[in-house]
Amino acid sequence: MLSIIRLLSQRVALGLLSLFAVSVIIFLAVEMLPGDLAEAMLGQSATADTVAAFRAQLGLDQPPLQRFIGWMGGILQGDFGVSLANGREIGELVSTRLGNTLRLAGLAALISVPVAVLLGMLAALYRNSWFDRMLNTTALSTVSFPEFFVAYILILVFSVQLGWLPSIANITPEDSWLTVLERSMLPVITLSLVVIAQMMRMTRAALINLLSSPYIEMARLKGIKKSRIIYYHALPNALAPIITVVALNLAYLVVGVVVVEVVFVYPGLGQLLVDSVAKRDIPVVQACSLIFAVTYIALNTSADVLAIATDPRLMHPRS
């Protein structure tokens, strides 16, 4: 029991260390941007005194280390600062957009995870059949296409030609769940098509590796059905790699939605990040980047913990 707690503590500590390193990288990347932020915000007609006063207001006259400590201290207290574009609290801006992004990622996960695991099990069950080859070909084709290409194809088919779904996902807090679901359907399908292919292939590979194990051969010799062997014998032992790839794809659903949100004008965190970059709203860019990093690291750490919980053999490294 103590070894499990120690190993899980190491994983959590490593995640926190990675998060601190990413926060340093985000801050330094913003610091290395060309040009002066105050001059860019005020324009070329601003006087030197005005620029100096604005730099003092933004805290740009302080040393970088002091600004980083102040930025991290504010974040730990839940204060992300104020947007330079509209003067609103960044926490207020981010909360609504983050909720929309999590809703979009949640809908995509509800569709993609069970479908991918089921297709992976079927592909392993009917390995080397025409069904398996068709699934693999479709999965490789889907992964090869970039998200924006898949999105535009779906818009062309379902919005322009068939007219079934709206091409712009302009949802508002006043919309009903049915309206939100209808307007979010095309972004959800776009994200699902990409992650289903990756999770399905990983599930298939994990199950096929186990199907050659001695205990699986013994189950076959006993006359147990293939479907029962996969579901009751192979799948529980393949949960560790499956959980890992599912967590990585869930992280992609939250972090990798930027392109999809921009294509469908979806009011999520990715769209806010792109708009803030265009407006040179650096505090909002830093906050969005840090939230994406927290999400990705948290899901990866959770994947490590769940993989260890489902497969205790991972606690003992091979010599």
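Ala205 lies in helix 8. In this predicted model, the chain has 14 helices and zero strands. Helix 8 covers residues 177-211 and gives the most to the largest nonpolar core, with 15 residues. The points below start from helix 8 and work outwards.

**Ala205 and Arg204**

- Ala205 has a relative accessible area of 31%, so it is partly exposed.
- Ala205 and Ala124 are 81 residues apart along the chain, yet their C-alpha atoms are separated by 7.7 Å.
- Arg204 also lies in helix 8.
- Arg204 counts as buried because its relative accessibility is 17%, and the cut-off for buried is under 20%.
- Leaving out residues up to four places away in sequence, Arg204 touches Gly120, Ala123, Ala124, Arg127, Asp132 and Asn136.
- Ala124 thus appears in both pictures: as a contact of Arg204 and as the partner in the C-alpha separation from Ala205.

**Shape of helix 8**

- Helix 8 has a kink of about 50° at Met185.
- The kink comes shortly before the proline Pro187.
- A straight helix of 35 residues would span 51 Å at 1.5 Å a residue.
- Helix 8 spans only 43 Å between its end C-alpha atoms.

**Thr190**

- Thr190 is placed in helix 8.
- Its relative accessible area is 0%, so Thr190 is buried.
- A polar atom of the Thr190 side chain lies 2.8 Å from the backbone oxygen of Leu186.
- Neighbours within four places in sequence aside, Thr190 is in contact with Glu147, Val150, Ala151, Leu154, Val260 and Phe264.
- Residues three or four places apart in an α-helix point the same way, because there are 3.6 residues a turn.

**Helix 7**

- Helix 7 runs over residues 147-161.
- Its buried residues include Val150, Ala151 and Leu154, which are also among the contacts of Thr190.
- Ile155 and Ser159 of helix 7 are buried too.
- The buried residues of helix 7 pack against helix 8 and helix 12.
- A kink of about 25° is centred on Ile155.
- The 15 residues of helix 7 should span 21 Å at 1.5 Å a residue, and the end C-alpha atoms are 20 Å apart, so the two values agree.
- Gly163 follows helix 7 and has a positive phi, near 70°.

**Pro146**

- Pro146 sits in the loop between helix 6 and helix 7.
- With a relative accessible area of 31%, Pro146 is partly exposed.
- Pro146 and Val259 are 113 residues apart in sequence and 9.6 Å apart in space, C-alpha to C-alpha.

**Nonpolar cores**

- The largest nonpolar core has 53 residues.
- Leu191, Leu207, Ile230, Leu253 and Phe264 touch the most other members of this core.
- Helix 5, helix 6, helix 7, helix 8, helix 9, helix 10, helix 11 and helix 12 each supply at least two residues of this core.
- Helix 8 is the top contributor, with 15 residues.
- Leu191 touches Leu104, Ala108, Tyr252, Leu253, Val257 and Val260, not counting residues up to four places away in sequence.
- Another core, of eleven residues, lies apart from the largest one.
- Leu269, Leu273, Val285 and Ala287 are among the members of that other core.
- In soluble globular proteins, nonpolar side chains tend to be buried together.

**Val265 and helix 13**

- Val265 is found in the loop between helix 12 and helix 13.
- Val265 has a positive phi of about 50°, although it is not a glycine.
- Most residues other than glycine have a negative phi.
- Val265 is partly exposed, given its relative accessible area of 44%.
- Helix 13 spans residues 269-279, where Leu269, Gly270, Gln271, Leu272, Leu273 and Ser276 are buried.
- Arg280, just after helix 13, takes a positive phi of about 60°.

**Whole chain**

- The elements run α-α-α-α-α-α-α-α-α-α-α-α-α-α from the N terminus on.
- Of the 319 residues, 39% count as buried.
- Among contacts with a separation of 6 or more, 72% join residues 24 or more positions apart.
- The accessible surface comes to about 17,700 Å², and 66% of it belongs to carbon and sulfur atoms.

Definitions and conventions:
Residues numbered from 1 in each chain as written. Predicted model: local features only at pLDDT ≥ 70, side-chain atom pairs only at ≥ 80, totals over all residues. Heavy atoms only, no water. Helix = DSSP H or I, 4+ residues; strand = E, 2+ residues; numbered from the N terminus. Buried < 20%, exposed > 50% of the residue type's maximum accessible area, 1.4 Å probe, protein only. Polar contact = N/O pair within 3.5 Å; in protein donor to acceptor, adjacent residues only side chain to side chain. Contact = heavy atoms within 4.5 Å. Expected span 1.5 Å × (residues − 1). Bend = angle between axes of the 7 residues up to and from the residue. Areas by Shrake-Rupley, 256 points an atom, 1.4 Å probe, with all protein chains shown as cover. Core = buried A, V, L, I, M, F, W, Y, C linked by side-chain atoms within 4.5 Å.
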